[in-house]
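Work through the exercises below with the sequence and the model open. Each task is followed by a solution in steps.

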Amino acid sequence: MVYASLRDRKKIGQKSLAVLIDPDKVASSRSLMPLINSCQENCVDYFFIGGSLITNNKLSTVVRTLKEHSSIPVVLFPGSNMQIDLQADAILLLSLISGRNPEMLIGQHVVAAPILKNSNLEILSTGYMLISDTTDSAVSYMSNTTPIPMDKRAIAACTAMAGEMLGLGLIYLDAGSGAKKAIDNKMISAVRKAVDVPLIVGGGINSGHKVQEALAAGADIIVIGNAIEKNPNLLIEVSEKLYDFNKSLNVH
């Protein structure tokens with residue numbers, strides 16, 4: 001089970017790596033193979049699949065290809081209730097707690113609930129928080145919500161705390177796909193201190209140094225996506241940083 005694994009890893013301080021794949025950016029099943037092989041070679045822990053707006057019918061193809069050619073768990077990261085594929089292993093059931101749009105807090109979930117209830121997907125209840133000083137990201141536009149500014153750490157910490165109290169099992173801090181600026185380390189640290197559940201951090205992480213900083217600040221799962229397209233070697237660099245961090249836990 002994905003969640004049990006995340007909880008177990010957090011208890012001993014181990015960090016995880018997820019690679020985000022947007023089906024809209026996948027040309028074909030064959031084009032996925034180099035990424036799949038690279039992810040397996042570099043010990044990627046999870047595939048996150050989804051995007052703010054999926055305009056083609058490749059979601060199912062992408063999930064099937066990943067399942068057929070790798071043993072890495074496939075986790076849906078849906079932008080709406082239309083982005084559900086029952087071939088996946090799990091789904092991040094995202095409640096956008098940083099915004100006040102009822103559709104993203106509970107509305108979409110009501111429509112999806114009967115489908116999810118009758119599926120074999122593992123449901124990962126997730127408090128999703130947009131953190132950014134700008135409002136020009138695709139997810140901000142599509143969700144019709146305003147991100148929490150980077151310097152409003154107390155607001156973010158209390159928002160995450162409320163999400164945990166409501167029973168959400170994960171907190172996801174996201175700067176947005178293709179973000180130019182990663183989430184501030186002080187922000188990550190503030191949220192980490194406020195909650196006990198596993199903390200996912202993504203958006204704008206485009207270097208090993210940023211990964212190292214996010215891990216030190218308290219991120220449990222690092223998510224990278226767009227940056228790999230621009231720099232394929234980044235996956236190697238990120239994997240090495242996580243390996244070194246996790247290995248250091250055993251050195252006393």
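**Exercise 1. Describe the salt bridge between Asp-89 and Lys-67, and place both residues in the chain.**

Step 1. Asp-89 and Lys-67 form a salt bridge whose closest N and O atoms are 2.6 Å apart. A salt bridge here is a side-chain nitrogen of Lys or Arg within 4 Å of a carboxyl oxygen of Asp or Glu.

Step 2. Asp-89 sits in the loop between strand 3 (74-76) and strand 4, and Lys-67 in helix 3 (residues 59-69). The pair is 22 residues apart and links distant parts of the chain. Helices (H or I, at least four residues) and strands (E, at least two) are DSSP runs, numbered from the N terminus.

Step 3. Asp-89 has a relative accessible area of 26% and is partly exposed; Lys-67, at 35%, is partly exposed. Buried means under 20% relative accessible area, exposed over 50%, and partly exposed in between (1.4 Å probe, protein chains only).

A note on the source: this is a predicted model, in which local features need pLDDT of at least 70 and side-chain atom pairs count only at pLDDT 80 or more, while totals for chains, interfaces and linings use all residues. Residues are numbered from 1 along each chain as its sequence is written, and side-chain values use heavy atoms, with hydrogens and water left out.

**Exercise 2. Which residues are linked with Asp-220 in a network of salt bridges?**

Step 1. Start with the total: the structure holds 5 salt bridges.

Step 2. One of them joins the side chains of Asp-220 and Lys-15, at 3.8 Å from N to O. Asp-220 lies in the loop between helix 8 (208-217) and strand 8, and Lys-15 in the loop between helix 1 (2-11) and strand 1, so this pair ties together parts 205 residues apart in sequence.

Step 3. Asp-220 also meets Arg-192 in a salt bridge, at 2.4 Å from N to O. Arg-192 lies in helix 7 (residues 185-194), so this pair ties together parts that are 28 residues apart in sequence.

Step 4. The network therefore consists of Lys-15, Arg-192 and Asp-220.

Step 5. Check the burial of each member. Asp-220 is buried at 6% relative accessible area, Lys-15 is buried at 8%, and Arg-192 is buried at 15%.

**Exercise 3. How many residues line the largest pocket, and which element gives the largest share?**

Step 1. The largest pocket holds about 890 Å³ of space. On a 1 Å grid over the protein atoms alone, a pocket is an open set of points with protein on both sides within 12 Å along at least five of seven lines, and lining residues have an atom within 4 Å of a point.

Step 2. The lining has 47 residues, of which Ser-52, Phe-77, Tyr-128, Val-139 and Asp-174 lie nearest the centre.

Step 3. Elements that give two or more residues include strand 4 (90-96), helix 4 (102-117) and helix 5. Helix 4 gives the largest share, 6 residues.

Step 4. By class, the lining has 23 nonpolar, 18 polar and 6 charged residues. Ala, Val, Leu, Ile, Met, Phe, Trp, Tyr, Cys and Pro count as nonpolar, Asp, Glu, Lys and Arg as charged, and the others, Gly among them, as polar.

**Exercise 4. Which element gives the most to the lining of the second largest pocket?**

Step 1. This pocket holds about 310 Å³ and is lined by 16 residues.

Step 2. Helix 2 gives the most to the lining, with 4 residues.

Key: On a 1 Å grid over the protein atoms alone, a cavity is a set of points where a 1.4 Å probe fits but cannot get out, and a pocket is an open set with protein on both sides within 12 Å along at least five of seven lines; lining residues have an atom within 4 Å of a point. Grid points are joined across faces, edges and corners, and a volume is the space filled by probe spheres set on the points.
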